[in-house]
Amino acid sequence: MPTVPLHDWNLAPRDAIALQRRLAGRVEREDRLGEVRRLAGVDIGFEQGGEVTRAAVVVLAWPPEVDGGFTVVEEVVHREPTRMPYIPGLLSFREVPAALAAFERLAVTPDLVMVDGQGIAHPRRLGVASHLGLWLDLPTIGVAKSRLCGRHGEPGPERGDWVPLTDGPDDEVIGAVLRSRAKVKPIFVSGGHRVSLPTALDWVIRCLVRTKLPEPTRLADRLASRRGGAAGAKG
DNA sequence: GCGACAG
DNA sequence: ATCTTGTCGC
């Protein structure tokens, strides 16, 4: 068991921030992932005006089929009462509890996880993807649809074009702004835990299928938002 | 004091 | 995040 709790819900903002500062030091920015056979995507949605939190995890097989289609290995949806409001910078305290509950119900353990949100591209370098990765003790990548912090230029127009996302007085590179699809607003990719930026970008690009979001996150997004094309949404 | 601000 | 119809384009 970790000496310092990885999270403690019901913390006042200033205490949550202090905890993030301590945990940020535990996040690994160098690659430390084994062979990837199971890729997971995680996302959180809300129901009933935000009263209910809905966590969705989708596990895909890697590599995809010859026709480019990904095989869904497992899906889990977990619902529980929402415990905290959304506060920029403290997103993990609102979403991670439900995500953990969903992972506990997973029969298979993924080798790499893509999370909807920032990884280290966070004011204190502990976005939701990093926090979840620390807790799960698994490699994670942050895939966000918009910027939380940092500076960047405009990435080129072609799919795969990207520019670095920097922050702080020393221009630290905290992520990348990636054109995941032509003519579409770019996404923000960053290492979560145990994944370097080059590797994070590599995996995200390899999971793009004519869409703006990589398959793991796209499918989890669908499930969490209830749109899920299929039925059997547990929870 | 004034903006910015993942989902 | 969520509330929401039709509409433009590959």
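**Exercise 1. Strands 7 and 8**

Task: In this predicted model, find how many bridges join strand 7 to strand 8, and which way the two strands run.

Solution:
- Locate strand 7 at residues 172-178 and strand 8 at residues 187-193.
- Count the bridges between strand 7 and strand 8: there are 3.
- Compare directions: strand 7 and strand 8 run antiparallel.
- Take one pair as an example. A176 has V189 in strand 8 as its bridge partner.
- Recall the general rule: strands of a sheet pair through backbone hydrogen bonds, either parallel or antiparallel.

**Exercise 2. The other side of strand 7**

Task: Describe how strand 6 is joined to strand 7, and state what lies in the turn.

Solution:
- Count the bridges: 6 join strand 6 to strand 7.
- Check the direction: strand 6 and strand 7 run antiparallel.
- Pick a pair: L165 has G175 in strand 7 as its bridge partner.
- Follow the chain through the turn. Strand 6 and strand 7 form a hairpin, with 4 residues between them.
- Look at G168 in that turn: its phi is positive, about 80°.
- Now ask how covered strand 7 is. Of its 7 residues, 5 are buried, so strand 7 is mostly covered when buried means under 20% relative accessible area.

**Exercise 3. The whole sheet**

Task: Give the strand order of the sheet and say whether the sheet is open or closed.

Solution:
- Read across the 8 strands: the order is 3-2-1-4-5-8-7-6.
- The sheet is open, and its pairing is mixed.
- Name the edges: strand 3 (72-81) and strand 6 (162-167) each pair on one side only.
- Add the twist. Neighbouring strands are turned by 25° against each other on average, direction ignored.

**Exercise 4. Helices across the sheet**

Task: Find which strands helix 2 and helix 5 lie across.

Solution:
- Start with helix 2, residues 91-104. Helix 2 lies across strand 1 (38-47), strand 2 (52-61), strand 3 and strand 4 (112-116).
- Its angle to strand 3 is about 130°.
- Go on to helix 5, residues 215-224. Helix 5 lies across strands 1, 2, 3 and 4, and also strand 5 (140-144).
- Its angle to strand 2 is about 145°.
- Place these in the chain: chain A has 5 helices and 8 strands.
- From the N terminus on, the elements run α-β-β-β-α-β-α-β-β-β-β-α-α.

**Exercise 5. A residue in helix 1**

Task: Decide whether A16 is buried or exposed, and list what A16 touches.

Solution:
- Place A16: it is in helix 1, residues 13-24.
- Apply the cut-off. A16 has a relative accessible area of 1%, which is under 20%, so A16 is buried.
- List the contacts, leaving out residues up to four places away in sequence: L11, L90 and F93.
- Look closer at F93. A16 and F93 are 77 residues apart along the chain, yet their C-alpha atoms are separated by 8.0 Å.

**Exercise 6. The fold as a whole**

Task: Why does the radius of gyration of chain A agree with a compact globule?

Solution:
- Take the expected value: for 235 residues, a compact globule would have a radius of gyration near 18 Å.
- Chain A has 17 Å, so the two agree.
- Set the spans beside this: the C-alpha trace covers about 50 × 50 × 35 Å along its principal axes.
- Check the burial: buried residues make up 54% of the 235 residues.
- Check the contacts. Among those between residues at least 6 apart in sequence, 63% join residues at least 24 apart.
- Finish with the surface. Chain A exposes about 10800 Å², and carbon and sulfur atoms supply 51% of it.

Note on methods. Residues numbered from 1 in each chain as written. Chains lettered and ligands numbered in written order. Predicted model: local features only at pLDDT ≥ 70, side-chain atom pairs only at ≥ 80, totals over all residues. Heavy atoms only, no water. Pairing = 2+ DSSP bridges. Axes fitted to C-alpha atoms, helices over the stretch in contact; angles between N-to-C directions. Contact = heavy atoms within 4.5 Å. Rg over C-alpha atoms; globule rule 2.2 N^0.38 Å. Buried < 20%, exposed > 50% of the residue type's maximum accessible area, 1.4 Å probe, protein only. Areas by Shrake-Rupley, 256 points an atom, 1.4 Å probe, with all protein chains shown as cover.
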